[in-house]
Amino acid sequence: MLLCLSSLFTLFSCSNKNVAPKTAEDLPLFLQNGEYTSVMSDEMRNTLRNIRHVSLDMDGTIYLGGTLFPYTVPFLENLGTMGINYCFLTNNPTKSLDDYIAKLRKLGVPCGDGQMYSTTAATIDYIKAHYPKAKRLFLLGTPSMISQFEAAGFISCADDPNDRPDVVVAAFDPTLTYSRLCRCTWWASHKEIPYVATNPDWVCPTDEPTILVDCGSLCACIAAACGRKPDTIIGKPSPDILLGIMEKNGVTPAQAAMVGDRLYTDVKSGLNAGACGVLVLTGETTLETALASVPEDRATIICRDIAQFGALLEEVRK
Ligand SMILES: [Mg+2]
């Protein structure tokens with residue numbers, strides 16, 4: 001009897017739900033009144049029709065590890081045909097912009113000199129704007145990152161207690177040494193010295209059998225040791241880089257989209273900047289995770305991949 005009642009209840013509640021759980025078959029999904037639907041509203045159609053600039057995350061979005069997705073180049077060519085500009089945006093500060101541009105071109109991805117943005121350049125801009133007198137920086141980062149700061153006119157402090165920095169910068173650093181991590185923590189323990197982190201990511205995606213400890217985790221380590229978190233964290237989900245990109249490209253947030261595979265960095269930065277935040281499921285985030293996210297973190301659109309997003313942009317322009 002109890003079983004019968006329970007079955008009846010299940011039947012009743014399912015028939016009352018009206019909305020079946022979303023599956024990959026339902027993609028793309030559009031956010032409407034805080035819930036996802038596979039029906040594109042007129043408002044969403046207008047949002048997509050207005051887009052004039054697309055900022056793209058790289059790893060998990062246009063390639064995975066060293067493998068370019070087969071639809072990436074046709075997608076970019078299609079954007080050009082529709083008169084939509086694009087750029088690439090990475091939270092990874094370990095390589096120079098030239099290194100990234102060279103990597104993309106080697107993979108066959110068209111990328112001009114002004115179409116690549118990283119958190120290193122954004123951090124340099126931030127320090128120049130907020131600490132105009134700062135010259136000497138303690139940089140926990142790769143030699144490539146340090147050389148970009150030096151090229152921008154800064155002096156990289158040595159691992160020496162007498163070489164006091166004006167600002168401390170913590171970054172994702174695969175060349176990390178214990179001694180420099182300790183020195184960075186020592187300077188971070190001085191509350192009067194500004195302390196900036198390049199990006200909040202806990203780990204860097206990899207297809208190798210390891211976990212790449214990223215800047216967010218290094219900052220957590222520093223905080224555990226000296227009790228201080230960064231004053232500012234540059235990089236997605238901060239909207240600053242995206243707002244700068246919009247300004248350089250002469251578009252408003254309503255004309256911009258940010259596309260990526262992470263909700264808490266890529267999509268969130270788009271939403272924080274007032275732009276369309278598009279999630280693709282070719283990297284870190286599963287559909288289940290995306291659907292379970294809290295309302296304020298929900299992507300404007302969830303697509304299987306950038307090819308599906310390109311097809312939507314094309315469809316609304318017909
Ligand atoms: Mg990514």
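This passage describes the overall make-up of a predicted protein model, then its two open sheets and the helices that pack on them.

The structure is a predicted model, in which local features need pLDDT of at least 70 and side-chain atom pairs count only at pLDDT 80 or more, whereas totals for chains, interfaces and linings use all residues. Residues are numbered from 1 along each chain as its sequence is written. The mean pLDDT (the predictor's confidence in each residue, from 0 to 100) of the protein chain is 92, with 94% of its residues at 70 or more. Over residues 1-18, however, the pLDDT is below 50, and this stretch has zero contacts in the model beyond near neighbours in sequence, two residues being in contact if their C-beta atoms, placed from the backbone, lie within 7 Å.

The secondary structure of the protein chain comprises 12 helices and 17 strands; these are DSSP runs numbered from the N terminus, with helices (H or I) of at least four residues and strands (E) of at least two. Taken along the principal axes, the C-alpha atoms fill a box of roughly 75 × 55 × 35 Å. Of the 318 residues, 39% count as buried, a residue being buried if 20 or more other C-beta atoms lie within 10 Å of its own, exposed if 12 or fewer, and partly exposed in between, with C-beta atoms placed from the backbone. Among contacts with a separation of 6 or more, 68% come from residues 24 or more positions apart.

One open sheet has eight strands in the order β2-β1-β17-β16-β15-β3-β6-β7, with mixed pairing, where two strands pair if DSSP finds at least two bridges between them. Its edge strands, each pairing on one side only, are β2 (35-37) and β7 (116-118), and the twist from one strand to the next averages 25°. Within this sheet, β16 (residues 276-280) runs parallel to β17 (residues 301-303), to which three bridges join it, and it also runs parallel to β15, through four bridges. Val-278 of β16 is the bridge partner of Val-259 and stands opposite Ile-301 in β17, while Val-280 has Cys-303 as its bridge partner in β17. Both faces of β16 are covered, since Cys-276, Val-278 and Val-280 on one side and Gly-277 and Leu-279 on the other are all buried.

Two right-handed β-α-β units share this strand, one made by β15, α10 and β16 and the other by β16, helix α11 (residues 287-292) and β17; a crossover is right-handed if, with the strands pointing away from the viewer, the path from the first strand over the helix to the second runs clockwise.

The other open sheet has five strands in the order β9-β8-β10-β11-β14, with parallel pairing, and its edge strands are β9 (155-156) and β14. Helix α5 packs on this sheet, touching β10, β11 and β14, and its direction makes about 155° with that of β11; axes are lines fitted to C-alpha atoms, for helices over the stretch in contact, and angles run from 0 to 180 degrees between N-to-C directions. Helix α7 (residues 178-188) also packs on the sheet, touching β8 (136-140), β10 and β11, with its direction at about 130° to that of β8. Between β11 and β14, which pair in the parallel sense over two bridges, Ala-197 stands opposite Ile-233 in β14.

Helix α5 (residues 119-130) reaches 16 Å from its first C-alpha to its last. Its buried residues, including Thr-119, Ala-122, Ile-124 and Tyr-126, pack against β7, α6 (143-151), β10 (167-170), β11 (195-197), β14 (232-233) and α9 (240-249).

Conventions
The expected span of a helix is 1.5 Å times one less than its number of residues.
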